[in-house]
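Reader: I should like a close look at one part of this chain, namely the paired strands and the nonpolar core to which they contribute. Please begin with how far the prediction may be trusted.

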Amino acid sequence: MAKSVAPALLIAALYLSAAEAGTGGQGSYVPCDNGLRCVMAPCPSNSALDLASGKIIKGVSIDIDGLPQQDKALDLPDKLYAGKVVVAGSIENRPHTFNGKQYSLPTLIATGIERAAKDSERGHCSAR
């Protein structure tokens with residue numbers, strides 16, 4: 001019986017690893033306005049701090065369509081602008097077209113709001 005369980009567990013582990021690799025994996029991010037202004041597209045005015053790596057992803061846009069309704073508060077745009085929330089999700093490079101040119105830009109695919117961001121996590125934000 002133990003021999004039949006091991007292959008099933010291995011298959012499940014491989015499936016989960018493949019699913020995570022395909023989506024870029026779930027992470028925790030502090031997105032916000034970074035104070036840079038757009039001179040020409042693509043605009044670098046938003047960034048997101050990846051809490052796991054400490055890396056700041058510049059020029060990121062935020063896709064909130066996948067958030068549960070309870071996370072879509074009326075003041076969510078203000079909180080995202082100021083970096084006041086930690087967002088669960090993944091970063092994907094998505095194609096965008098500006099003035100007839102194709103760009104591949106990082107997009108934070110938000111799947112949930114985890115918690116309020118700490119002041120120390122908002123260092124890359126313009127509205128600290």
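Author: In this predicted model, confidence varies among the elements: helix α1 (residues 2-23) has the lowest mean pLDDT, 36, and strand β1 (residues 27-33) has the highest, 97. Throughout residues 1-23 the pLDDT is below 50, and this stretch makes 3 contacts beyond near neighbours in sequence. Where pLDDT is low, the predicted coordinates should not be read in detail. For the chain, the average pLDDT is 81, and 80% of the residues score at least 70.

The strands may be taken in turn. Strand β1 runs antiparallel to strand β5 (residues 85-98), the two being joined by 3 bridges; here Y29 stands opposite V87 of β5. Strand β5 also pairs with strand β6 (residues 101-116), again in the antiparallel sense, over 14 bridges. In that pairing V85 faces A116 of β6. The hairpin of β5 and β6 has 2 residues between the strands, and N99 adopts a positive phi near 50 degrees there.

Several of these residues recur in the core. The largest nonpolar core consists of 11 residues, among them Y29, V85, V87, L108 and A110. Two or more of its residues come from each of α2 (76-82), β5 and β6. L76 and L80 also belong to this core. Apart from neighbours within four places in sequence, L80 is in contact with V85 and V87, and its other partners are P31, C32, D33, I62 and I64. The remaining members of the core are A48, I57, V60 and L67.

Technical notes:
Residues numbered from 1 in each chain as written. Predicted model: local features only at pLDDT ≥ 70, side-chain atom pairs only at ≥ 80, totals over all residues. Heavy atoms only, no water. pLDDT = per-residue confidence, 0-100. Helix = DSSP H or I, 4+ residues; strand = E, 2+ residues; numbered from the N terminus. Contact = heavy atoms within 4.5 Å. Pairing = 2+ DSSP bridges. Core = buried A, V, L, I, M, F, W, Y, C linked by side-chain atoms within 4.5 Å. Buried < 20%, exposed > 50% of the residue type's maximum accessible area, 1.4 Å probe, protein only.
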